[in-house]
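Here's a walk through the sheet, a few of the helices and some side chains worth a look. Keep the viewer open as you read.

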Amino acid sequence: MSQKPPVAMIVAGSEATGAAGIQVDWKTLHQLGVYGMGAITCIVSMDPKNNWDHRFEPVPPHIIADQMEACINAFEPDTVKLGMMGTVPTIDTVSKALSEREWKNVVVDPVLICKGQFEGPGAEVDQALRDKLLPLATVATPNVFEASTLSGIEVTDEKTLAQAAQRIGEMGPRYVLAKGGMELPGEEAVDLLWDGQKITRYAVKKVGDKRVNGAGCTMAASITAYLARGEDVHEAVRRAKQLVTAGIEAQISSNVPVPALWQGGGVNRG
Ligand code: PXL
(Lines give C-alpha, C1' and ligand atoms only; values in the text may rest on other atoms or scores of the structure.)
Protein backbone atom coordinates (compact mmCIF):
# COMPACT_ATOMS: atom_id res chain seq x y z
CA MET A 1 0.00 0.00 0.00
CA SER A 2 1.24 3.46 -0.80
CA GLN A 3 1.71 6.06 1.89
CA LYS A 4 -1.49 7.76 3.07
CA PRO A 5 -1.94 11.22 1.53
CA PRO A 6 -2.71 14.26 3.68
CA VAL A 7 -6.43 15.05 3.90
CA ALA A 8 -8.34 18.32 3.86
CA MET A 9 -12.00 19.19 4.30
CA ILE A 10 -13.69 21.84 2.14
CA VAL A 11 -16.84 23.70 3.19
CA ALA A 12 -18.01 25.66 0.15
CA GLY A 13 -20.61 26.14 -2.55
CA SER A 14 -21.05 24.05 -5.68
CA GLU A 15 -20.71 25.81 -9.03
CA ALA A 16 -21.96 23.26 -11.52
CA THR A 17 -19.69 24.07 -14.48
CA GLY A 18 -16.60 23.39 -12.39
CA ALA A 19 -15.05 26.83 -12.87
CA ALA A 20 -15.43 27.90 -9.23
CA GLY A 21 -16.52 26.61 -5.85
CA ILE A 22 -16.02 23.19 -4.30
CA GLN A 23 -15.36 21.54 -7.67
CA VAL A 24 -12.30 23.76 -8.05
CA ASP A 25 -11.24 23.09 -4.48
CA TRP A 26 -11.34 19.35 -4.93
CA LYS A 27 -9.60 19.45 -8.29
CA THR A 28 -6.85 21.59 -6.79
CA LEU A 29 -6.36 19.31 -3.77
CA HIS A 30 -6.17 16.31 -6.04
CA GLN A 31 -3.67 18.02 -8.30
CA LEU A 32 -1.47 18.58 -5.27
CA GLY A 33 -1.75 15.05 -3.88
CA VAL A 34 -4.17 15.83 -1.05
CA TYR A 35 -7.29 13.75 -0.40
CA GLY A 36 -10.35 16.02 -0.66
CA MET A 37 -13.77 15.76 0.96
CA GLY A 38 -16.26 18.25 2.24
CA ALA A 39 -19.63 19.83 2.75
CA ILE A 40 -21.66 21.75 0.16
CA THR A 41 -23.11 24.97 1.59
CA CYS A 42 -25.04 26.23 -1.43
CA ILE A 43 -25.65 25.42 -5.07
CA VAL A 44 -24.92 27.90 -7.85
CA SER A 45 -26.24 27.09 -11.34
CA MET A 46 -25.47 29.61 -14.04
CA ASP A 47 -28.36 30.27 -16.41
CA PRO A 48 -27.49 30.02 -20.13
CA LYS A 49 -30.93 31.44 -20.99
CA ASN A 50 -30.23 34.57 -19.01
CA ASN A 51 -26.69 35.74 -19.66
CA TRP A 52 -25.22 33.04 -17.43
CA ASP A 53 -26.75 34.79 -14.44
CA HIS A 54 -26.04 32.99 -11.15
CA ARG A 55 -28.97 31.11 -9.61
CA PHE A 56 -28.25 30.55 -5.93
CA GLU A 57 -29.83 27.98 -3.59
CA PRO A 58 -28.65 27.56 0.00
CA VAL A 59 -28.39 24.04 1.42
CA PRO A 60 -30.43 23.68 4.65
CA PRO A 61 -28.19 24.12 7.72
CA HIS A 62 -28.86 20.66 9.17
CA ILE A 63 -27.62 19.08 5.93
CA ILE A 64 -24.45 21.16 6.06
CA ALA A 65 -23.95 20.02 9.66
CA ASP A 66 -24.53 16.38 8.67
CA GLN A 67 -21.96 16.57 5.88
CA MET A 68 -19.37 18.12 8.19
CA GLU A 69 -20.10 15.49 10.83
CA ALA A 70 -19.51 12.72 8.29
CA CYS A 71 -16.18 14.16 7.12
CA ILE A 72 -14.87 15.00 10.57
CA ASN A 73 -15.70 11.61 12.03
CA ALA A 74 -14.47 9.68 9.02
CA PHE A 75 -11.04 11.26 8.57
CA GLU A 76 -10.43 13.52 11.59
CA PRO A 77 -8.94 16.21 9.32
CA ASP A 78 -6.85 19.00 10.84
CA THR A 79 -7.02 21.21 7.76
CA VAL A 80 -10.15 22.90 6.45
CA LYS A 81 -10.94 25.49 3.80
CA LEU A 82 -14.09 27.61 3.78
CA GLY A 83 -15.47 29.10 0.58
CA MET A 84 -18.85 30.60 -0.23
CA MET A 85 -21.28 30.58 2.69
CA GLY A 86 -24.08 32.82 1.44
CA THR A 87 -26.39 33.06 4.48
CA VAL A 88 -26.18 33.83 8.20
CA PRO A 89 -27.61 30.44 9.28
CA THR A 90 -24.94 28.74 7.17
CA ILE A 91 -22.19 30.76 8.84
CA ASP A 92 -23.63 29.97 12.28
CA THR A 93 -23.73 26.25 11.50
CA VAL A 94 -20.21 26.11 10.07
CA SER A 95 -18.72 28.18 12.84
CA LYS A 96 -20.32 25.99 15.50
CA ALA A 97 -19.17 22.75 13.87
CA LEU A 98 -15.60 24.04 13.53
CA SER A 99 -15.47 25.35 17.09
CA GLU A 100 -16.11 21.90 18.51
CA ARG A 101 -12.59 20.71 17.79
CA GLU A 102 -9.01 21.82 17.28
CA TRP A 103 -7.76 22.68 13.79
CA LYS A 104 -4.20 23.15 12.65
CA ASN A 105 -5.01 25.03 9.45
CA VAL A 106 -8.18 26.96 8.74
CA VAL A 107 -8.20 28.77 5.39
CA VAL A 108 -11.07 31.23 5.07
CA ASP A 109 -11.79 32.51 1.56
CA PRO A 110 -14.33 35.21 2.43
CA VAL A 111 -16.37 34.90 -0.77
CA LEU A 112 -18.94 37.67 -0.83
CA ILE A 113 -20.12 37.50 -4.42
CA CYS A 114 -19.45 35.39 -7.46
CA LYS A 115 -18.05 37.13 -10.50
CA GLY A 116 -21.43 36.62 -12.16
CA GLN A 117 -24.39 38.77 -11.34
CA PHE A 118 -25.38 37.18 -8.04
CA GLU A 119 -25.52 40.29 -5.93
CA GLY A 120 -24.31 38.75 -2.78
CA PRO A 121 -26.05 38.40 0.44
CA GLY A 122 -25.74 41.74 2.18
CA ALA A 123 -24.47 43.38 5.28
CA GLU A 124 -25.63 40.81 7.84
CA VAL A 125 -23.65 38.09 6.10
CA ASP A 126 -20.57 40.33 5.92
CA GLN A 127 -20.88 40.94 9.65
CA ALA A 128 -21.40 37.26 10.50
CA LEU A 129 -18.28 36.47 8.49
CA ARG A 130 -16.30 39.07 10.43
CA ASP A 131 -17.63 37.93 13.80
CA LYS A 132 -17.82 34.16 13.45
CA LEU A 133 -15.42 32.95 10.78
CA LEU A 134 -12.49 35.37 10.54
CA PRO A 135 -11.53 34.75 14.19
CA LEU A 136 -11.10 31.04 13.39
CA ALA A 137 -8.82 31.65 10.42
CA THR A 138 -5.18 30.71 10.13
CA VAL A 139 -5.21 32.47 6.77
CA ALA A 140 -7.94 34.66 5.25
CA THR A 141 -7.70 35.33 1.51
CA PRO A 142 -9.82 38.37 0.52
CA ASN A 143 -9.70 39.80 -3.00
CA VAL A 144 -9.90 43.57 -3.57
CA PHE A 145 -13.67 43.70 -3.31
CA GLU A 146 -13.77 41.53 -0.19
CA ALA A 147 -10.85 43.39 1.41
CA SER A 148 -12.65 46.71 0.85
CA THR A 149 -15.96 45.41 2.14
CA LEU A 150 -14.62 43.65 5.21
CA SER A 151 -12.19 46.42 6.23
CA GLY A 152 -14.23 49.48 5.25
CA ILE A 153 -11.11 50.81 3.47
CA GLU A 154 -11.55 51.50 -0.22
CA VAL A 155 -8.75 49.54 -1.89
CA THR A 156 -7.37 51.24 -5.00
CA ASP A 157 -3.64 50.49 -4.86
CA GLU A 158 -1.03 48.49 -2.95
CA LYS A 159 -0.95 50.92 -0.06
CA THR A 160 -4.66 50.65 0.63
CA LEU A 161 -4.53 46.89 0.02
CA ALA A 162 -1.90 46.64 2.77
CA GLN A 163 -3.99 48.80 5.09
CA ALA A 164 -7.05 46.64 4.47
CA ALA A 165 -5.05 43.47 5.16
CA GLN A 166 -3.92 44.87 8.50
CA ARG A 167 -7.42 45.95 9.45
CA ILE A 168 -8.78 42.48 8.62
CA GLY A 169 -5.92 40.99 10.64
CA GLU A 170 -7.33 42.81 13.66
CA MET A 171 -10.52 40.76 13.22
CA GLY A 172 -8.70 37.56 14.17
CA PRO A 173 -6.97 35.76 11.30
CA ARG A 174 -3.33 34.90 12.03
CA TYR A 175 -2.40 35.75 8.42
CA VAL A 176 -4.24 37.80 5.81
CA LEU A 177 -3.44 37.35 2.13
CA ALA A 178 -5.00 40.33 0.35
CA LYS A 179 -5.09 39.61 -3.36
CA GLY A 180 -4.74 42.46 -5.85
CA GLY A 181 -5.11 40.20 -8.87
CA MET A 182 -6.25 41.95 -12.05
CA GLU A 183 -8.05 44.65 -10.08
CA LEU A 184 -5.13 46.93 -9.29
CA PRO A 185 -3.30 48.96 -11.93
CA GLY A 186 0.18 47.98 -13.10
CA GLU A 187 1.99 45.17 -14.85
CA GLU A 188 1.99 42.78 -11.93
CA ALA A 189 -0.64 40.72 -10.12
CA VAL A 190 0.26 41.53 -6.52
CA ASP A 191 -0.76 39.68 -3.37
CA LEU A 192 0.18 41.01 0.07
CA LEU A 193 0.61 38.69 3.04
CA TRP A 194 0.15 40.31 6.46
CA ASP A 195 1.49 38.17 9.30
CA GLY A 196 0.62 40.50 12.17
CA GLN A 197 3.94 42.29 11.94
CA LYS A 198 4.95 42.82 8.39
CA ILE A 199 3.74 42.69 4.82
CA THR A 200 5.38 40.29 2.37
CA ARG A 201 4.76 41.05 -1.29
CA TYR A 202 4.14 38.24 -3.80
CA ALA A 203 4.02 39.44 -7.39
CA VAL A 204 4.03 37.90 -10.84
CA LYS A 205 3.59 39.49 -14.23
CA LYS A 206 -0.10 39.62 -15.15
CA VAL A 207 -1.16 36.95 -17.62
CA GLY A 208 -3.14 38.83 -20.30
CA ASP A 209 -5.56 41.52 -19.26
CA LYS A 210 -8.79 39.57 -18.83
CA ARG A 211 -10.25 37.88 -15.80
CA VAL A 212 -10.65 34.14 -15.48
CA ASN A 213 -13.03 32.28 -13.22
CA GLY A 214 -11.66 30.24 -10.38
CA ALA A 215 -8.44 32.06 -9.57
CA GLY A 216 -9.53 32.94 -6.02
CA CYS A 217 -10.84 29.46 -5.24
CA THR A 218 -7.73 27.83 -6.74
CA MET A 219 -5.42 30.13 -4.76
CA ALA A 220 -7.09 29.38 -1.42
CA ALA A 221 -7.39 25.67 -2.18
CA SER A 222 -3.71 25.47 -3.17
CA ILE A 223 -2.70 27.19 0.06
CA THR A 224 -4.89 24.66 1.90
CA ALA A 225 -3.20 21.76 0.12
CA TYR A 226 0.30 22.99 0.85
CA LEU A 227 -0.56 23.60 4.51
CA ALA A 228 -2.04 20.08 4.73
CA ARG A 229 1.27 18.85 3.30
CA GLY A 230 3.11 20.58 6.12
CA GLU A 231 4.45 23.71 4.43
CA ASP A 232 4.47 27.00 6.34
CA VAL A 233 2.17 29.83 5.26
CA HIS A 234 4.78 31.81 3.32
CA GLU A 235 5.89 28.79 1.32
CA ALA A 236 2.27 27.73 0.78
CA VAL A 237 1.42 31.17 -0.64
CA ARG A 238 4.50 31.27 -2.86
CA ARG A 239 3.79 27.86 -4.37
CA ALA A 240 0.04 28.46 -4.63
CA LYS A 241 0.69 31.57 -6.70
CA GLN A 242 2.80 29.51 -9.10
CA LEU A 243 0.00 27.00 -9.56
CA VAL A 244 -2.58 29.77 -10.11
CA THR A 245 -0.36 31.52 -12.65
CA ALA A 246 0.20 28.27 -14.57
CA GLY A 247 -3.54 27.57 -14.39
CA ILE A 248 -4.37 31.00 -15.81
CA GLU A 249 -1.88 30.49 -18.62
CA ALA A 250 -3.65 27.20 -19.41
CA GLN A 251 -7.17 28.67 -19.14
CA ILE A 252 -9.95 26.98 -21.05
CA SER A 253 -12.90 28.65 -22.69
CA SER A 254 -16.47 27.42 -22.92
CA ASN A 255 -19.76 29.06 -23.85
CA VAL A 256 -19.57 30.97 -20.55
CA PRO A 257 -18.14 34.42 -21.40
CA VAL A 258 -15.35 34.26 -18.80
CA PRO A 259 -12.82 31.45 -19.29
CA ALA A 260 -11.98 28.97 -16.54
CA LEU A 261 -8.63 28.42 -14.90
CA TRP A 262 -7.31 24.90 -15.53
CA GLN A 263 -5.83 23.38 -12.39
CA GLY A 264 -4.08 20.71 -14.45
CA GLY A 265 -2.24 23.28 -16.52
CA GLY A 266 0.90 23.59 -14.51
CA VAL A 267 3.92 21.44 -13.99
CA ASN A 268 3.57 21.98 -10.30
CA ARG A 269 2.55 18.47 -9.29
CA GLY A 270 5.37 17.94 -6.84
O1 PXL B 1 -15.44 32.60 -7.32
C2 PXL B 1 -16.21 32.66 -6.21
C3 PXL B 1 -17.22 31.57 -6.09
C4 PXL B 1 -17.12 30.71 -5.02
N5 PXL B 1 -17.99 29.73 -4.82
C6 PXL B 1 -19.02 29.50 -5.66
C7 PXL B 1 -19.19 30.33 -6.78
C8 PXL B 1 -18.27 31.39 -7.00
C9 PXL B 1 -18.43 32.23 -8.16
O10 PXL B 1 -19.14 31.96 -9.07
O11 PXL B 1 -20.21 30.10 -7.61
C12 PXL B 1 -19.96 28.39 -5.40
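Two strands count as paired here if DSSP finds at least two bridges between them. With that in hand, look at Ala8, which stands opposite Gly36 in E2. One caution before going on: this is a predicted model.

**The sheet**

Strands of a sheet pair through backbone hydrogen bonds, either parallel or antiparallel. In this model, nine strands make an open sheet in the order E3-E2-E1-E4-E5-E6-E7-E8-E9, and the pairing is mixed. E3 and E9 stand at the edges with a single partner strand each, so one side of each has no neighbour in the sheet.

Three of the pairings are set out below, each with a pair of residues that stand opposite each other.

| Strands | Sense | Bridges | Opposite residues |
|---|---|---|---|
| E1 and E2 | parallel | eight bridges | Ala8 and Gly36 |
| E2 and E3 | antiparallel | six bridges | Ile43 and Glu57 |
| E5 and E6 | parallel | two bridges | Val108 and Ala140 |

To find these on screen, E2 covers residues 35–47 and E3 covers residues 53–58. E5 is residues 105–108, and E6 is residues 139–140. E2 and E3 form a hairpin with five residues between the strands. Asp47 stands opposite Asp53 in E3. Between the two strands, Asn51 takes a positive phi near 60°.

**Glu15, a buried acid**

Is Glu15, in strand E1 (residues 7–15), buried or exposed? Its relative accessibility is 6%, under the 20% cut-off, so Glu15 counts as buried. What does its side chain reach? One polar contact goes to the side chain of Thr17, at 2.9 Å. The Glu15 side chain also reaches the backbone nitrogen of Ala19 at 3.0 Å.

Leaving out neighbours within four places in sequence, Glu15 is in contact with Ala20, Gly21, Gln23, Val44 and Met46. You can also pick out His54, which is 39 residues from Glu15 in sequence and 9.2 Å away in space, C-alpha to C-alpha.

**Two buried threonines**

Thr28 belongs to helix H1 (residues 21–31). With a relative accessible area of 0%, Thr28 is buried. Apart from neighbours within four places in sequence, Thr28 is in contact with Thr218, Ala221, Ser222, Leu243 and Gln263.

Thr224 is in helix H7 (residues 215–228), and at 0% relative accessibility this residue counts as buried too. A polar atom of the Thr224 side chain lies 2.6 Å from the backbone oxygen of Ala220. Not counting residues up to four places away in sequence, Thr224 touches Ala8, Thr79, Val80, Lys81 and Val107. Ala8 has come up already, as the residue opposite Gly36 in E2.

**What covers H4 and H6**

In helix H4 (residues 123–133), the buried residues are Val125, Asp126, Ala128, Leu129, Arg130 and Leu133. Their cover includes strand E4 (79–82), helix H3 (88–99), E5 and H5.

Why does the length of helix H6 (residues 158–169) add up? At 1.5 Å a residue, its twelve residues should span 16 Å, and the end C-alpha atoms are 16 Å apart, which agrees. Buried in H6 are Thr160, Leu161, Ala162, Ala164, Ala165, Ile168 and Gly169. Among the elements that cover these residues are helix H5 (144–151), strand E7 (175–179), strand E8 (188–194) and strand E9 (199–205). H5 is thus also part of what covers the buried residues of H4.

**Rings**

How many aromatic pairs does the structure hold? There is one. The ring centres of Tyr35 and Phe75 are 4.7 Å apart and the planes are at 35°, so the pair is tilted. The two rings link distant parts of the chain: Tyr35 is in strand E2 and Phe75 is in helix H2 (residues 61–75), 40 residues apart. Tyr35 counts as partly exposed at 37% relative accessibility, and Phe75 is partly exposed with a relative accessible area of 34%.

One more ring deserves a click. The charged end of Arg101 sits over the ring of Trp103, 4.6 Å from its centre.

Terms used. Residues are numbered from 1 along each chain as its sequence is written. This is a predicted model: local features need pLDDT of at least 70, side-chain atom pairs count only at pLDDT 80 or more; totals for chains, interfaces and linings use all residues. Side-chain values use heavy atoms; hydrogens and water are left out. Helices (H or I, at least four residues) and strands (E, at least two) are DSSP runs, numbered from the N terminus. The expected span of a helix is 1.5 Å times one less than its number of residues. Buried means under 20% relative accessible area, exposed over 50%, partly exposed in between (1.4 Å probe, protein chains only). Contact means heavy atoms within 4.5 Å. A polar contact is a pair of N or O atoms within 3.5 Å; within protein, one must be able to donate a hydrogen and the other to accept it, and residues adjacent in sequence count only if both atoms are side-chain atoms. Rings of Phe, Tyr and Trp (its six-membered ring) pair if their centres lie within 6.5 Å; planes under 30 degrees apart count as stacked, over 60 as edge-to-face and the rest as tilted. A charge sits over a ring if NZ of Lys or CZ of Arg is within 6 Å of the ring centre and within 35 degrees of the ring normal.
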